[in-house]
Amino acid sequence: MRPDDAARLIGEQVSVPWDEFRAARGQKRVLGGLRKRPPQPRRARSPLVWVAAAAVLIGLVGLLRFSFRPNSPQAGLEFGDGSSVLPDAHTRVVPELVAADKIQVRQSGGSATYEVTPHPHRSFVVRVKEVRVEVIGTAFRIDDLEAAVRVTVQRGRVRVTRGARTVILGAGESLLLRDRDDEVAVHAASSGASPLASDSIPLLDLTDAAATEPPETSAAELFRSADDARAAGNSVEALRLLKLLVQQHPLDRRVTLARFTMGRIEAQRDNFAEAARAFESCGNALSGEALAEAALARAAAGQASEAKAHAKHYREQFPGGPRYRELAKLAE
Amino acid sequence: MVVSPLRVVGPASADVPLVASAITGDEQAYTALYRRHAPYIARLIYRILGSDSDLDDILQETFVDGFRQLEALTEHHKIRSYLVTIAVRRIHARLSFRYRVRKLGQQLLGTSPRVSDPELRATVHALYAALGRVDPRHRIAWVLHRVEGYTLPEVAQQTTASLATVKRWVAAVDQVVEDSNATR
């Protein structure tokens with residue numbers, strides 16, 4: 001047999017037995033593997049090792065018994081347009097409305113991953129507690145936590161609404177909405193104040209930010225608080241916290257992501273020049289993604305020459321980059 | 001609900017923020033990256049091994065190793081290629097073990113990939129029997145280049161061999177396939 005024919009035969013005929021069950025099992029194994037400590041160099045075994053081994057064995061027996069409980073998790077849902085939902089064990093996802101122009105489901109407890117087929121004339125809505133997530137075409141995950149709801153976008157964009165407040169999330173972004181914020185949201189709405197009015201408050205500079213935050217706040221906590229602020233529609237507070245993170249923890253690994261997020265928030269507020277400055281402060285980080293965003297932000301700010309310079313720089317630095325084609329016109 | 005391994009999962013640019021978040025230890029980002037790339041990596045492993053037995057282990061090891069060393073990945077949009085390189089190392093270790101075992105007992109080497117068309121099952125199995133007789137590194141390079149369509153320089157990078165060596169490996173397997181009794 002000719003090698004080309006053999007390769008074609010394998011390509012056409014050999015397909016991996018892969019399904020959602022296997023994917024979910026693999027995902028669990030990978031996350032479990034990551035939670036374990038990396039393997040250490042082998043040392044001489046002490047008697048304690050045997051004690052630990054016995055404990056692990058007992059634990060495994062318990063785990064096996066737990067795994068074979070009769071309550072099986074809900075199977076995945078698949079809709080006629082190809083959209084699908086994969087709930088984790090102990091998660092309920094119930095379709096409330098399935099029509100040509102709208103699909104609406106309610107999720108309660110646990111987590112579920114959504115793959116939504118893009119459709120211009122059909123909206124896809126997920127309701128979790130008081131949170132409403134509206135999608136055009138994307139993949140995302142919702143975790144209904146004990147006292148919060150987390151929305152994580154894998155691809156595309158979603159609009160997350162609670163009460164009168166709305167936040168748009170892009171790919172790779174995550175939002176944590178704590179239940180206790182409900183009271184604040186309801187109060188703001190009933191008092192007649194615009195929930196997004198705080199967006200018009202001028203930015204605090206870094207000095208003010210440092211003065212109001214104790215210096216011992218960790219970078220992780222600041223990042224989380226900034227997330228919360230975004231969820232509450234308070235982009236000014238989110239920016240302040242992210243600036244504080246950059247100032248107080250300049251060597252932390254989250255700094256670049258914080259600067260990038262500041263750029264995203266500023267762009268959402270139509271402050272394109274500020275957004276560009278934030279993206280530019282990331283340099284060539286994130287495989288040039290920040291540079292590409294800086295070019296687009298400068299263009300949106302009407303600063304054509306800077307936009308062109310960034311676009312050209314990106315195309316020189318990342319000739320195989322994913323934004324190469326998108327920036328072609330700007331670079332001309 | 002069966003997910004096609006060939007499903008297009010979005011542009012590579014979508015990986016960039018996910019990788020950045022995964023470097024900070026974000027489990028959601030790990031999950032998203034796994035969901036995007038596991039079907040492809042699984043298919044690759046399966047086609048090289050020709051069997052299902054070690055697939056789950058290699059897949060797990062690939063992603064755990066890959067995620068633990070993510071900080072070393074300088075071009076975030078190239079994560080798929082990065083995972084392929086790790087998977088290749090893992091597959092090589094397994095195949096080398098099988099290759100040694102073969103000398104002790106032929107029965108342990110049996111491969112039986114799932115074949116879509118039952119009429120072609122015997123041909124595909126004969127093909128994998130022939131591939132089972134070649135050096136594991138040659139087999140990996142051949143599948144990456146001939147079946148998965150990677151260029152020879154890409155295969156050289158993934159197998160950490162020189163371009164000339166990879167060309168020699170692929171040519172050697174071409175010869176074995178031509179000489180095999182697999183006929184369509």
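Let us start with one pair of residues: A:R159 stands opposite A:I168 in strand 11 of chain A. Strands here are DSSP runs of E with at least two residues, helices are runs of H or I with at least four residues, and both are numbered from the N terminus. This is a predicted model, in which local features need pLDDT of at least 70 and side-chain atom pairs count only at pLDDT 80 or more, while totals for chains, interfaces and linings use all residues. As for labels, residues are numbered from 1 along each chain as its sequence is written, and chains are lettered from A and ligands numbered from 1 in the order in which they are written.

Back to that pair. Strand 11 covers residues 165-169 of chain A and runs antiparallel to strand 10 of chain A, with 5 bridges joining them; two strands count as paired if DSSP finds at least two bridges between them. The two strands form a hairpin with 2 residues between them, and A:G163 in the turn has a positive phi of about 60°.

Strand 10 of chain A also has a partner in strand 7 (residues 131-135) of chain A, again antiparallel and over 5 bridges. There, A:R132 stands opposite A:T161 in strand 10. Moving one strand further, strand 6 (residues 123-128) of chain A pairs with strand 7 in the antiparallel sense, also over 5 bridges. A:R132 appears again, since A:R127 stands opposite A:R132 in strand 7 of chain A.

Which side chains of strand 10 are buried? A:V158, A:V160 and A:R162 point to one face and are buried, while A:R159 and A:T161 point to the other face and are not. Buried means that 20 or more other C-beta atoms lie within 10 Å of the residue's own, exposed means 12 or fewer, and partly exposed is in between, with C-beta atoms placed from the backbone. In a regular strand the side chains alternate between the two faces of the sheet.

Now the whole sheet. These strands belong to an open sheet of 6 strands in chain A, ordered 3-4-6-7-10-11, with mixed pairing. Its edge strands are strand 3 (92-98) and strand 11 of chain A, each pairing on one side only.

Chain A has another open sheet of 6 strands, in the order 1-2-5-8-9-12, and here the pairing is antiparallel. Its edges are strand 1 (77-78) and strand 12 (174-178) of chain A. Strand 9 and strand 12 of chain A run antiparallel and are joined by 5 bridges. In strand 12, the bridge partner of A:V151 is A:L175.

Please look at A:V151 for a moment. Leaving aside its neighbours within four places in sequence, A:V151 is in contact with several residues, including A:V133, A:V158, A:V160 and A:L169; contact means C-beta atoms, placed from the backbone, within 7 Å. A:V151 is also among the residues with the most contacts inside the largest nonpolar core, which has 128 residues. A nonpolar core is a set of buried Ala, Val, Leu, Ile, Met, Phe, Trp, Tyr and Cys residues joined through C-beta atoms within 7 Å. The largest share of this core, 14 residues, comes from helix 2 of chain B.

That takes us to the other chain. Chain B has 8 helices and 0 strands, and 46% of its 184 residues are buried. Its helix 2 (residues 27-49) bends by about 45° at B:H37, and B:P39 follows within four residues. The bend is the angle between axes fitted to the seven residues ending there and the seven starting there. Why is helix 2 of chain B largely enclosed by the rest of the structure? Because 22 of its 23 residues are buried. Just after this helix, B:G50 takes a positive phi of about 75°.

Finally, how do the chains meet? In total, 46 residues of chain A are in contact with 58 residues of chain B. On the chain A side, helix 2 of chain A gives the largest share, 9 residues. A:F21 lies in helix 2 of chain A. With 13 C-beta neighbours inside 10 Å, A:F21 counts as partly exposed. A:F21 and A:L86 are 65 residues apart in sequence and 9.7 Å apart in space, C-alpha to C-alpha.

Terms used
Two residues are in contact if their C-beta atoms, placed from the backbone, lie within 7 Å.
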